[in-house]
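Trainee: I am new to this structure and would like to learn how to read it. Could you walk me through some of its features?

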Amino acid sequence: NIASGAAAYVFAGPTVSVAVGANQRILGSAEAPLATAAGTTTADVGLCRQTAGAGALTNFADLNYSTVEFDTTRSAVPAAASSGPLAAANYTVGFCVRNGGATALTDNDWVNGWVIVTN
């Protein structure tokens, strides 16, 4: 379940840990079937990273994220992005949602996707 009224991103489903060297990028794609149990809401979606599994999530797209309207029909929502050059570290990566709307996303299914590290 993805709670409503959120000011920050949360991972929706499984994540992966990747080791990145200085100035490398993470490229990825994922899709998540999401819906509400009742009513509608809007939420921001994308791919996010978190340094070493701690701290705030950062959307790969920064301020260019997608805002999606959800209702009771479960629909596959895609996200694809590439990070900018990163500092060397281990990153946790996954599909992320920032549900600032008034209704929780509670009729969800499994996330599918992939990530690679590039120079």
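Mentor: Gladly! Let us begin with Phe 60, which is buried, with a relative accessible area of 5%. Please keep in mind that this is a predicted model.

Trainee: How should I read that percentage for Phe 60?

Mentor: Buried means under 20% relative accessible area, and exposed means over 50%. Phe 60 has 5%, so it counts as buried. As for its place, Phe 60 sits in the loop between β5 (58-59) and β6 (66-70).

Trainee: Which residues is Phe 60 in contact with, leaving aside its neighbours within four places in sequence?

Mentor: With that restriction, the partners of Phe 60 are Ile 26, Leu 47, Cys 48, Arg 49, Ala 81, Ser 82, Ser 83 and Val 93. You can also look at C-alpha atoms: those of Phe 60 and Ala 80 are separated by 9.0 Å, and the two residues are 20 apart along the chain.

Trainee: Ser 83 is on that list of contacts. Is Ser 83 buried or exposed?

Mentor: Ser 83 is buried, with a relative accessible area of 1%. You will find Ser 83 in the loop between β7 (75-82) and β8. Not counting residues up to four places away in sequence, Ser 83 touches Arg 25, Ile 26, Arg 49 and Phe 60.

Trainee: Cys 48 was listed too. What does a disulfide join here?

Mentor: The idea is to look for a pair of cysteine sulfur atoms within 2.5 Å. The structure holds 1 disulfide, and this link joins Cys 48 to Cys 96, with an S to S distance of 2.1 Å. Cys 48 lies in strand β4 (residues 41-51) and Cys 96 in strand β8 (residues 89-98), so the pair ties together parts that are 48 residues apart in sequence. The link of Cys 48 and Cys 96 is right-handed, with 65 degrees about the S-S bond. Cys 48 is buried at 0% relative accessible area, and Cys 96 is buried at 0% as well.

Trainee: Now for charged side chains. How many salt bridges does a search of the whole structure find?

Mentor: For this feature, you look for a side-chain nitrogen of Lys or Arg within 4 Å of a carboxyl oxygen of Asp or Glu. The search finds 3 salt bridges. One of them is formed by Arg 98 with Asp 44, whose closest N and O atoms are 2.8 Å apart. This pair links distant parts of the chain, with Arg 98 in strand β8 and Asp 44 in strand β4, 54 residues apart. Arg 98 is buried, and so is Asp 44.

Trainee: Which residues are linked in a network of salt bridges?

Mentor: The network links Arg 74, Asp 107 and Asp 109. Arg 74 forms a salt bridge with Asp 107, the closest N and O atoms being 2.6 Å apart. That pair links distant parts of the chain: Arg 74 is in the loop between β6 and β7, and Asp 107 is in the loop between β8 and β9, 33 residues apart. The side chains of Arg 74 and Asp 109 also meet in a salt bridge, at 3.5 Å from N to O. Arg 74 is partly exposed at 38% relative accessibility, Asp 107 is partly exposed at 26%, and Asp 109 is partly exposed at 48%.

Trainee: What should I notice about the backbone at Asn 23?

Mentor: Look at the sign of phi. Asn 23 has a positive phi of about 70 degrees although it is not a glycine. Asn 23 lies in the loop between β2 and β3 and is exposed, with a relative accessible area of 57%. Asp 62 is another residue other than glycine with a positive phi, near 50 degrees. Asp 62 lies in the loop between β5 and β6 and counts as partly exposed, at 48% relative accessibility.

Trainee: And where is Gln 24?

Mentor: Gln 24 is in the loop between β2 (16-20) and β3 (25-34). Gln 24 is buried, with a relative accessible area of 18%. A polar atom of the Gln 24 side chain lies 2.6 Å from the backbone nitrogen of Gly 21.

Trainee: Finally, which residues make a nonpolar surface patch?

Mentor: Leu 27, Trp 114 and Ile 116 make a patch of about 270 Å². Trp 114 lies in strand β9 (residues 112-118) and is partly exposed, with a relative accessible area of 46%.

Methods. Residues numbered from 1 in each chain as written. Predicted model: local features only at pLDDT ≥ 70, side-chain atom pairs only at ≥ 80, totals over all residues. Heavy atoms only, no water. Helix = DSSP H or I, 4+ residues; strand = E, 2+ residues; numbered from the N terminus. Buried < 20%, exposed > 50% of the residue type's maximum accessible area, 1.4 Å probe, protein only. Polar contact = N/O pair within 3.5 Å; in protein donor to acceptor, adjacent residues only side chain to side chain. Patch = residues over 30% accessible without salt bridge, like charges linked within 9 Å, V, L, I, M, F, W, Y side chains within 5 Å. Areas by Shrake-Rupley, 256 points an atom, 1.4 Å probe, with all protein chains shown as cover. Contact = heavy atoms within 4.5 Å.
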